[in-house]
Amino acid sequence: GLAMYKNGNITVKTPRLLHFNRETDTQVFEDLPNSVDLKTFLLSQVSHDLSESSGRALGSALGSWLRSFHHWTAEEQQVESTKLLGENKVMKELKFWVNYTMLMNTIENFPDILEKDRDIFEEVRDLAAAELERQNYDEGYGVIHGDFWTGKYALLDLNSTKRARLT
């Protein structure tokens with residue numbers, strides 16, 4: 001399975017899949033008692049005492065785990081899964097809409113901030129659309145982690161940020 005990443009007292013890992021029922025599409029993952037998601041932690045009073053070095057270590061650990069995820073998906077053992085994911089046109093279109101179409105729509109909400117960069121956003125959107133059209137597994141494209149946001153990652157042992165563990 002996907003490796004765990006450790007940086008000092010911070011551990012980032014993928015929760016273990018304990019059971020999958022194909023008939024009901026139900027997944028059961030390992031229990032993470034006494035945990036809270038990273039977003040809740042970052043918005044809490046506890047995180048206000050987080051030192052700059054601890055914050056950097058946390059960001060570095062998350063980035064390193066994400067890099068290890070991309071390396072893992074490129075391994076020979078994942079070729080068939082990667083190829084299958086690459087054929088998921090519905091998910092590609094959804095991610096394009098969320099990441100690029102919604103971005104363009106956001107310009108209208110914040111014109112003072114975003115309007116001056118509209119041409120750059122349009123260029124990025126058009127480049128992504130072109131890649132989406134020509135993207136095949138064998139063209140050297142890899143898997144993209146489609147749900148990497150702070151609400152997904154659990155922080156354990158909140159009573160001691162020195163023993164914090166991300167999952």
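**Notes on a predicted model**

1. In this predicted model, pLDDT stays under 50 over residues 156-167, a stretch for which the model nevertheless has 42 contacts beyond four places in sequence. Where pLDDT is low, the predicted coordinates should not be read in detail.

2. Across the protein as a whole, the average pLDDT is 79, and 80% of the residues score at least 70. Among the elements, strand β7 (residues 165-166) has the lowest confidence, with a mean of 47, whereas helix α5 (residues 111-114) has the highest, at 93.

3. How many helices and strands does the protein have? There are six helices and seven strands, and when they are read from the N terminus on, their order is β-β-β-β-β-α-α-α-α-α-α-β-β. Of the contacts in the protein with a separation of 6 or more, 60% are between residues 24 or more positions apart.

4. Of the 167 residues in the protein, buried residues make up 22%. The accessible surface comes to about 12,000 Å², and carbon and sulfur atoms account for 53% of that area.

5. The largest nonpolar core has eleven residues, namely I10, V12, V36, L38, F41, L58, A61, L62, W65, F69 and V143. Two or more of these residues come from each of the elements β2 (10-12), α1 (38-43) and α2 (52-73), and it is α2 that gives the most, with five residues.

6. Helix α2 therefore deserves a careful look, and its length can be checked: its 22 residues should span 32 Å at 1.5 Å a residue, and this agrees with the model because the end C-alpha atoms are 32 Å apart. The buried residues in α2 are L58, A61, L62, S64, W65, F69 and T73.

7. Is T73, which lies in helix α2, buried or exposed? With a relative accessibility of 8%, T73 counts as buried, because the cut-off for a buried residue is under 20%. If residues up to four places away in sequence are left aside, T73 touches Q78, T82 and V143, and V143 is itself one of the residues of the largest nonpolar core.

8. G55 also lies in helix α2, but its relative accessibility is 29%, so this glycine counts as partly exposed. In space, the C-alpha atoms of G55 and L42 are 9.9 Å apart, while in sequence the two residues are separated by 13 residues.

9. Helix α4 (residues 89-106) can be checked in a similar way: it has 18 residues and reaches 24 Å from its first C-alpha to its last, which is close to the 26 Å expected at 1.5 Å a residue. Where does α4 bend? The bend is at W97, and its angle is about 35°. Buried residues in this helix are K92, F96 and M104.

10. A last point concerns D25, which is found in the loop between β3 (17-21) and β4 (26-29). The phi of D25 is near 50°, a positive value in a residue other than glycine. Most residues other than glycine have a negative phi. As for its surroundings, D25 has a relative accessibility of 61% and so counts as exposed, the cut-off for an exposed residue being over 50%.

How values were computed: Residues numbered from 1 in each chain as written. Predicted model: local features only at pLDDT ≥ 70, side-chain atom pairs only at ≥ 80, totals over all residues. Heavy atoms only, no water. pLDDT = per-residue confidence, 0-100. Helix = DSSP H or I, 4+ residues; strand = E, 2+ residues; numbered from the N terminus. Contact = heavy atoms within 4.5 Å. Core = buried A, V, L, I, M, F, W, Y, C linked by side-chain atoms within 4.5 Å. Buried < 20%, exposed > 50% of the residue type's maximum accessible area, 1.4 Å probe, protein only. Areas by Shrake-Rupley, 256 points an atom, 1.4 Å probe, with all protein chains shown as cover. Expected span 1.5 Å × (residues − 1). Bend = angle between axes of the 7 residues up to and from the residue.
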